[in-house]
Amino acid sequence: MSELDRRFDDYYAKRKFYGGNSCCPGCGGPLFWRMAMEAFGPRTIVYGIGPCAGCTMRSIKLPSFNIHFSFVADGASGILAAFRAQGINDITVISSAGDGGTADIGLGKISAAAERNENMIQVCIDNEAYMNTGIQKSGLTPYGSWTTTTPLGKEAPKKDIPLILAAHHIPYVATVSVAYPQDLKKKFEVAKEIKGFRYIHVVIPCPTGWRFDPAKSIEVTKLGVDTWLWPLYEIKDSVLHLNMKKEAKPVKEYLETQQRFRVMKPDQIEWLQKETDRRREELLTLDGKKLFY
Amino acid sequence: MVQVRMMEGNEAAAYGAMLSRAQVVPAYPITPQTELISFIAQFIAEGRMKAEYIKVEGEHTAMAAAIGASAAGARVFTASSSQGIVFMEEPLWMPPGMRLPINMCIVNRSIAPTGGLRPDHNDSLLQRDTGWIQLYCENSQEVMDTIIMGYKIAENKNIYLPVATCYDGYFVSATASKVEVPEQKDVDAFLPPYKHDWYSLIPGESKERPSRGGSARNRYEVQQANERAKKIIEEVDKEYAKTFGRTYDGMIEEYNCDSSDVVLMTMGSMTGTARDVVDDLKKNGKSVGLLKLRCFRPFPTEEFQQLAHKYHVIGVVDRNTSTGSAGGGIVSMELARALYHLDDKPLIANFHVGLGGTDVTPRQIEYMADKTLEIMKLGRVSEPVDWVELKDLGPVM
Ligand SMILES: Cc1ncc(C[n+]2csc(CCOP(=O)(O)OP(=O)(O)O)c2C)c(N)n1
Ligand code: SF4
């Protein structure tokens with residue numbers, strides 16, 4: 001066994017996550033779960049999938065349970081009810097789904113679970129397309145992006161799912177990125193202490209679907225945040241808190257890192273820049289304000 | 001004390017779930033099931049029933065939540081009908097393969113676009129390939145008893161299959177008939193608390209049965225569990241009779257069949273009418289008996305093979321259609337396959353009645369009995385299925 005192997009094994013022996021998995025090189029999925037798991041104690045279970053079905057899930061060292069891609073937050077509601085019926089109330093239930101599961105096929109399910117204020121942390125593992133089936137557009141695919149079902153680029157912008165969920169009056173909503181691990185872990189720690197339906201949305205890099213060199217995963221993802229295309233914020237009891245207020249880098253810098261945006265025309269890029277600027281202004285004005293009752 | 005009351009099928013079902021101490025009830029309303037879940041919500045609100053009611057946004061989620069709850073150690077009850085069952089199709093395939101003993105009432109109702117709110121059996125029969133056990137009930141008492149027995153069958157560790165307790169909307173769900181409500185302590189003695197030997201989602205003691213060897217292996221195991229269930233259904237029925245004094249003759253009831261040349265075979269509420277008609281016909285010297293098929297899944301093949309030689313013709317009354325099929329309704333096709341290899345086998349006559357929940361009238365039953373006798377005389381079946389409803393049979397009675 002080489003020194004590198006030994007270090008690898010030592011490292012993962014201490015994690016709630018096995019080393020090695022079947023995701024593509026550079027995938028943000030394993031990164032995300034390894035970081036998120038740091039925040040949780042041993043009394044945690046995970047329901048659902050993401051990304052790419054079970055490519056990472058299988059490596060989690062906690063009990064996990066899933067039914068199928070189209071089953072979002074639903075089984076977790078059943079698990080919680082069963083625990084309550086048996087007087088078990090010290091187990092944290094994390095429920096996970098991809099962007100397709102969250103924003104499309106399971107949106108009604110998530111909405112209902114949020115309305116019931118189910119005591120779970122619902123996570124959206126957003127790789128911005130249906131990757132498991134080979135890169136088809138989802139409701140969370142960004143404007144202008146190529147996928148196999150949007151060969152000329154996606155016509156509509158990304159659905160604003162975190163705000164849609166916040167409009168359900170749930171106690172906690174947060175956007176996170178694997179490029180900002182401290183922020184990510186902190187938010188999970190905050191979420192863990194809150195009761196009720198908590199929603200955490202992570203955008204993860206997907207070199208295979210986004211078309212870029214896997215070695216650049218973090219760089220690319222960081223640009224997504226730094227251009228304000230994926231702003232990091234929390235909405236606690238309906239009050240917005242921006243976690244990152246730096247100057248915005250031009251969206252073009254981000255778009256140029258990935259082949260999926262190659263189909264975008266200059267006027268589309270211009271429009272996206274304008275919208276992103278407007279959005280940034282809007283968020284800065286709303287910072288610290290109550291968005292919903 | 002055993003309480004005796006007039007009760008509609010839906011209330012009887014709610015009592016069945018309460019007496020069985022169902023712990024989690026995820027459900028979504030649909031006519032004619034709605035009253036059932038409203039009763040349960042009311043029982044919980046009054047503190048008479050200790051259960052978690054999950055008010056889901058649709059039937060897909062109802063069954064998904066049922067799956068989660070069942071795997072996490074709770075006894076689960078749910079119910080639906082018609083469009084709700086069809087909407088639930090995707091998750092309906094999961095509990096058999098996952099071996100989760102969920103109990104669901106299918107309050108039968110026909111399916112759109114042609115059906116109305118009234119019953120036929122296509123919604124439940126559509127699920128025949130999933131692996132769910134399917135039991136069909138005739139009246140309120142049978143609904144209540146079947147739910148309690150259903151858990152006992154489903155939770156048997158040699159079975160671990162979900163059970164559908166099926167009963168006709170309106171004719172059973174909303175029609176009051178006499179019901180003896182057993183005492184809770186007797187039900188508790190009959191039905192011990194739920195514990196699944198293969199599952200735990202509790203960290204530290206967690207286990208989830210590894211899926212063994214792919215689809216063929218899994219489906220084979222579900223098939224084997226269905227086979228084993230035949231014996232268990234009969235045993236549980238006998239044990240129930242011993243404890244509560246009521247029996248349903250297991251999977252098939254032979255009613256007034258002694259010295260019958262032919263029999264009609266029914267499922268569900270129409271059986272009640274058929275009993276009366278058969279009694280009258282017998283009095284008038286017609287040699288017709290009645291088979292009530294209680295258990296459609298597992299299909300009681302061996303039992304049919306044993307009783308088949310007694311009758312010249314079995315007239316299958318199919319309250320369902322399988323359009324474009326090899327011939328006739330779903331029950332008749334099952335029966336034909338069950339008897340195919342016998343040397344001494346009856347002819348199978350087949351009738352479609354009560355589609356979309358039209359009344360199955362005494363006149364129609366008499367007509368079907370006469371037809372079945374005619375076929376015996378003729379020695380052959382001339383049309384694959386007789387669409388009785390489309391014939392003018394004169395005055396209803
Ligand atoms: C009901 C149903 N429809 C379609 C599919 C095919 N399918 C499997 S995964 C998937 C999309 C997954 O996308 P997402 O939720 O974004 O997860 P990802 O694979 O990108 O992580 C689809 C459409 C399916 N398995 N089930
Ligand atoms: S396709 Fe994308 S999300 Fe899926 S495993 Fe590969 S990199 Fe990860």
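Visitor: How many salt bridges does the structure hold over all chains?
Guide: First, the ground rules: this is a predicted model, so local features need pLDDT of at least 70, side-chain atom pairs count only at pLDDT 80 or more, and totals for chains, interfaces and linings use all residues. Residues are numbered from 1 along each chain as its sequence is written, chains are lettered from A and ligands numbered from 1 in the order in which they are written, and side-chain values use heavy atoms, with hydrogens and water left out. A salt bridge here is a side-chain nitrogen of Lys or Arg within 4 Å of a carboxyl oxygen of Asp or Glu. Over all chains, the number of salt bridges is 49.

Visitor: How many residues apart are the partners A:Arg15 and A:Glu38?
Guide: These two form a salt bridge, with their closest N and O atoms 3.5 Å apart. The pair links distant parts of the chain: A:Arg15 sits in the loop between helix 1 (3-13) and helix 2 (28-38) of chain A, and A:Glu38 in helix 2 of chain A. Helices (H or I, at least four residues) and strands (E, at least two) are DSSP runs, numbered from the N terminus. The separation of A:Arg15 and A:Glu38 is 23 residues.

Visitor: Which three residues supply more of the area that chain A buries against chain B than any other three?
Guide: The contact (heavy atoms within 4.5 Å) takes 30 residues from chain A and 28 residues from chain B. Buried area means the accessible area (1.4 Å probe) that two parts lose on being put together, summed over both. Between chain A and chain B that's about 2,100 Å², with 70% given by carbon and sulfur atoms. The top trio supplies 23% of what chain A buries against chain B: A:Phe65, A:Phe71 and A:Arg116.

Visitor: Which residue of chain A meets B:Glu52 in a salt bridge?
Guide: Side chains of opposite charge can pair when their charged atoms come close. Across the interface of chain A and chain B, the rule finds one salt bridge. Its N to O distance is 2.9 Å, and the partner of B:Glu52 is A:Arg84.

Visitor: Which helix of chain A gives the most to the side that touches chain B?
Guide: Strand 1 (44-48), strand 2 (64-65), helix 3 (74-85) and helix 5 (107-115) of chain A each supply at least two residues of the side that touches chain B. The most, 10 residues, come from helix 3.

Visitor: How much of ligand 1 does the protein bury?
Guide: Ligand 1 lies between chains A and B. It makes polar contacts (N or O atoms within 3.5 Å; within protein, one must be able to donate a hydrogen and the other to accept it, and residues adjacent in sequence count only if both atoms are side-chain atoms). An oxygen atom of ligand 1 is 2.7 Å from a polar backbone atom of A:Cys52, a nitrogen atom is 2.9 Å from an N or O atom in the side chain of A:His68, and an oxygen atom is 2.8 Å from a polar backbone atom of A:Met131. Taken alone, ligand 1 exposes 580 Å² (Shrake-Rupley method, 1.4 Å probe; for residues, only the protein chains shown count as cover), and the protein's share of that is 76%.

Visitor: How many charged residues are in the shell around ligand 2?
Guide: Near means one heavy atom of the residue lies within 4 Å of the molecule or strand; the residues around ligand 2 include A:Cys23, A:Cys24, A:Cys27 and A:Pro51. Ala, Val, Leu, Ile, Met, Phe, Trp, Tyr, Cys and Pro count as nonpolar, Asp, Glu, Lys and Arg as charged, and the others, Gly among them, as polar. This shell has nine nonpolar and two polar residues, and the charged count is no residues.

Visitor: Which residue does a cis peptide bond join to A:Gly50?
Guide: Most residues other than glycine have a negative phi, and most peptide bonds are trans. The partner's place is in the loop between strand 1 and strand 2 of chain A. Omega is about -10 degrees, and the residue joined to A:Gly50 is A:Pro51.
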